[in-house]
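This report goes through a single protein chain, taking its helices, loops and main pocket in turn. Please keep the sequence and the structure at hand while reading.

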Amino acid sequence: PERAATRHELEQRLRDYLEVHPFDGAAEERLESLLRTRAREGRLPVELVEAAETNLFTWKIELPAPSTLERLVSRVAVVVRDEAFEKIAGRLSPAIRRALDELLQVASGDHRSGLFQFKEYPPEATPGAITTYIERYRLIETIGIGELDLTSLPTAQVETWARLVRRYDVKDLRRFADAKRHAMLACFLVETRRTVLDHLVAMNDQYLTGMNRRAKNSFEKEFRAIRKRSRKSLETLLSAVEILLDRERSLDAIL
């Protein structure tokens, strides 16, 4: 229909027939409450949009424009994320916060921050490399990250923030708000603490395996050399015995 009034009347008749309700303020509040719960569970924005559409169908509420849903999901995601940042930062002592900020500083005469060392991939397993990773683990423990409990947060969310820190430059991290910066760095070090332990176990196993292989090869090489010398000595000894026996037989024949 060209007339707006007629069009609205037909839309309302369709809603009444299908028992569908319009997406009004009450529906938005109900949906926002659901999305916050899902976001606190660690759901991604794409999953939140899907959950919104599914639940609106279930509730028999008319779907709003896609842009409206996306704005609502974005707003909820930001609010829940900031809540989580504040929650994590609130568990950090002033000493831990200072230690986290110190990791973002670049020492005089150096071109890398203290945080950079935790982003490096493990080198070849050597005693020096293993010692370095032990020192890194002790540094994390000294900061106090081992005492931080993040079990109430979705594991996927902690891992996501840790990956973001790995990609961010220290200049970007320093520009973040205090709660966001400290929370993301804490998540990064919690994940790094586990990663460093994994690397230590792997490097130790790799080094011991290589040392065992080198020792075995050295033993086999030495053993072959000893056998070769023993065989030569045995042949000399047998030749000497044969000569003596020949002389004994010759003397017996003369006598």
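Does E28 count as buried, partly exposed or exposed, judged by its relative accessibility? The model discussed here is a predicted one, and in this model E28 counts as partly exposed, because its relative accessibility is 29%, which falls between the limit of under 20% for buried residues and that of over 50% for exposed ones.

## Helices α1 and α2

Helix α1 covers residues 4-18, and its length can be checked against what is expected of a helix: at 1.5 Å a residue, its 15 residues should span 21 Å, and the end C-alpha atoms are in fact 21 Å apart, so the two values agree. Just after α1, the backbone at E19 takes a positive phi of about 60°, and E19 itself lies in the loop between α1 and α2. A positive phi is found here in a residue other than glycine.

Helix α2 holds both E28 and L34, and these two residues fall into separate accessibility classes, with E28 partly exposed at 29% and L34 buried at 15%. The C-alpha atoms of E28 and F223 are separated by 82 Å, with their positions 195 residues apart along the chain. For L34 and L48, which are 14 residues apart in sequence, the C-alpha to C-alpha distance is 9.4 Å.

## The loop between α3 and α4

K60 lies in the loop between α3 and α4, where its phi is near 60°, again a positive value in a residue that is not glycine. With a relative accessible area of 39%, K60 is partly exposed, since that class takes in the values between the buried limit of 20% and the exposed limit of 50%.

## Helix α5 and its two sides

Helix α5 runs over residues 94-102, and its buried residues are I96, A99 and L100. These buried residues cover an arc of only 100° around the helix axis, and therefore they sit on the same side of α5. The other side of this helix carries P94, R98 and E102, which are exposed.

## A buried arginine in α6

Helix α6 covers residues 127-143 and includes R136, a residue that counts as buried because its relative accessible area is 10%, under the limit of 20%. A polar atom of the R136 side chain lies 2.9 Å from the backbone oxygen of Q117, so the pair falls within the 3.5 Å limit for a polar contact.

## Helix α7 and the loop that follows

The 13 residues of α7 should span 18 Å at 1.5 Å a residue, and the end C-alpha atoms are 19 Å apart, so the distance in the model agrees with the expected one. Within α7, the residues V158, W161, A162 and V165 are buried. Their directions cover an arc of only 100° around the axis, which means that they lie on the same side of α7.

D169 is found in the loop between α7 and α8, the latter covering residues 170-175, and it is partly exposed, with a relative accessible area of 39%. The side chain of D169 places a polar atom 2.9 Å from the backbone nitrogen of K171. D169 and E47, by contrast, are 29 Å apart in space, C-alpha to C-alpha, and 122 residues apart in sequence.

## A buried arginine in α9

R181 has its place in helix α9 and counts as buried, because its relative accessibility is 8%. Its side chain makes a polar contact with the side chain of D178, at 2.8 Å.

## The largest pocket

The largest pocket has a volume of about 520 Å³. Its lining is made up of 25 residues, and those that lie nearest the centre of the pocket are A39, A77, R81, Q157 and W161. Two or more lining residues come from each of the helices α2 (25-40), α3 (45-58), α4 (66-90), α7 (155-167) and α9 (178-254), and the largest share, seven residues, is given by α4.

By class, this lining has 15 nonpolar, four polar and six charged residues. W161 belongs to both pictures drawn here, being one of the buried residues of α7 and one of the residues nearest the centre of the largest pocket.

Definitions and conventions:
Residues are numbered from 1 along each chain as its sequence is written. This is a predicted model: local features need pLDDT of at least 70, side-chain atom pairs count only at pLDDT 80 or more; totals for chains, interfaces and linings use all residues. Side-chain values use heavy atoms; hydrogens and water are left out. On a 1 Å grid over the protein atoms alone, a cavity is a set of points where a 1.4 Å probe fits but cannot get out, and a pocket is an open set with protein on both sides within 12 Å along at least five of seven lines; lining residues have an atom within 4 Å of a point. Grid points are joined across faces, edges and corners, and a volume is the space filled by probe spheres set on the points. Helices (H or I, at least four residues) and strands (E, at least two) are DSSP runs, numbered from the N terminus. Ala, Val, Leu, Ile, Met, Phe, Trp, Tyr, Cys and Pro count as nonpolar, Asp, Glu, Lys and Arg as charged, and the others, Gly among them, as polar. Buried means under 20% relative accessible area, exposed over 50%, partly exposed in between (1.4 Å probe, protein chains only). The arc is that of the directions from the helix axis to the C-beta atoms. The expected span of a helix is 1.5 Å times one less than its number of residues. A polar contact is a pair of N or O atoms within 3.5 Å; within protein, one must be able to donate a hydrogen and the other to accept it, and residues adjacent in sequence count only if both atoms are side-chain atoms.
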